[in-house]
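Me: Could you take a close look at one part of this model for me? I'd like a connected account of a single helix and what surrounds it.

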Amino acid sequence: TSGAKDFEFPFSPYAVQVELMNAVYSSLNEGQVGIFESPTGTGKSMSLICSSLRWLKENPVYVPAANGQVDAEDEDVPAWVLAHAQKKEKAIRDSAIKSEKERLARARIKMEEDALQRERERERAERDRA
């Protein structure tokens, strides 16, 4: 159990705030999902901020290289960061594939329209010659 100084709380916290900060910090440390409740006006926001910042300070989040790629072999990359990066890369790929399919569909329509136009012009030219 930690006190206000451990969380760098900006003023003297209420006991409920210290309890909340300890619970949030513990959940983050254990990789759990935490569901917390506290009455209005008990300083939940500040407690969440202070406990989360302490955890982040002690457990720096991996930031990908400038190229935006996450190395799956890097043991320092948390699984959730890798999963998010893979999801993002898949979304980018899927979007690129969709855009390319749409571009090709438009090109096919244009080719068909051009072929029909040429056929009409040929037919018109043949009628004019006749």
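Reply: Happy to help; here is a walk through helix α2 and its surroundings.

Please keep in mind that this is a predicted model. The protein chain has four helices and zero strands, and along the sequence it reads α-α-α-α. Of its 130 residues, 17% count as buried. Among contacts between residues at least 6 apart in sequence, 49% join residues at least 24 apart.

Let's begin with the helix itself. α2 has 15 residues, and from its first C-alpha to its last it reaches 21 Å, close to the 21 Å expected at 1.5 Å a residue. Its buried residues are Gln 17, Val 18, Leu 20, Met 21, Asn 22, Val 24, Tyr 25 and Ser 27. Just after α2, Gly 31 takes a positive phi of about 65°.

How many residues make up the largest nonpolar core? There are seven: Phe 7, Phe 9, Val 18, Met 21, Tyr 25, Cys 50 and Trp 55. Both α2 and α3 supply at least two residues of this core, and the largest share, three residues, comes from α2. As background, nonpolar side chains in soluble globular proteins tend to be buried together.

Next come the aromatic rings, where the structure holds two pairs. In one of them, the ring centres of Phe 7 and Tyr 25 are 6.0 Å apart with the planes at 80°, so this pair is edge-to-face. Phe 7 belongs to helix α1 (residues 4–7) and Tyr 25 to helix α2, so the pair ties together parts that are 18 residues apart in sequence. Are these two partners buried or exposed? Phe 7 counts as buried because its relative accessibility is 3%, under the 20% cut-off. Tyr 25 is buried as well, at 12% relative accessibility.

Phe 9 and Phe 11 form an aromatic pair too, again edge-to-face, with 5.0 Å from centre to centre and 70° between the planes. Here the two partners differ in exposure: Phe 9 is buried at 9% relative accessibility, whereas Phe 11 is partly exposed at 47%.

There is also a charge to consider around Phe 7 and Tyr 25. The charged end of Arg 54 sits over the ring of Phe 7, 4.9 Å from its centre. That charged end also sits over the ring of Tyr 25, 4.1 Å from the centre of that ring. Arg 54 is thus placed over both rings of the edge-to-face pair described above.

Now for the polar residues of the helix. Gln 17 lies in helix α2 and is buried, with a relative accessible area of 3%. A polar atom of the Gln 17 side chain lies 2.7 Å from the backbone nitrogen of Tyr 14. Leaving aside neighbours within four places in sequence, Gln 17 is in contact with Phe 9, Thr 42, Gly 43 and Ser 47. Phe 9 is itself a member of the nonpolar core.

Thr 42 leads us out of the helix, into the loop between α2 (15–29) and α3 (44–58). Although it is in a loop, Thr 42 is buried, with a relative accessible area of 15%. The side chain of Thr 42 makes a polar contact with the side chain of Ser 38, at 2.6 Å. Beyond its neighbours within four places in sequence, Thr 42 is in contact with Tyr 14, Val 16 and Gln 17.

Asn 22 is another polar residue in helix α2, and with a relative accessible area of 16% it is buried. Asn 22 and Ser 47 are 25 residues apart in sequence, while their C-alpha atoms are 9.1 Å apart in space. Ser 47 is also one of the contacts of Gln 17.

One last stop is on the other side of α2 in sequence, in the loop between α1 and α2, where Glu 8 is found. What is notable about the backbone of Glu 8? Its phi is positive, about 55°, although Glu 8 is not a glycine. Glu 8 is exposed, with a relative accessible area of 56%.

To put the picture together: α2 gives three residues to the nonpolar core, Tyr 25 pairs with Phe 7, and Gln 17 is in contact with Thr 42 in the loop that leads to α3.

Methods
Residues numbered from 1 in each chain as written. Heavy atoms only, no water. Buried < 20%, exposed > 50% of the residue type's maximum accessible area, 1.4 Å probe, protein only. Polar contact = N/O pair within 3.5 Å; in protein donor to acceptor, adjacent residues only side chain to side chain. Contact = heavy atoms within 4.5 Å. Phe/Tyr/Trp six-rings, centres within 6.5 Å; stacked < 30°, edge-to-face > 60°. Lys NZ or Arg CZ within 6 Å of the ring centre and 35° of its normal. Expected span 1.5 Å × (residues − 1). Core = buried A, V, L, I, M, F, W, Y, C linked by side-chain atoms within 4.5 Å.
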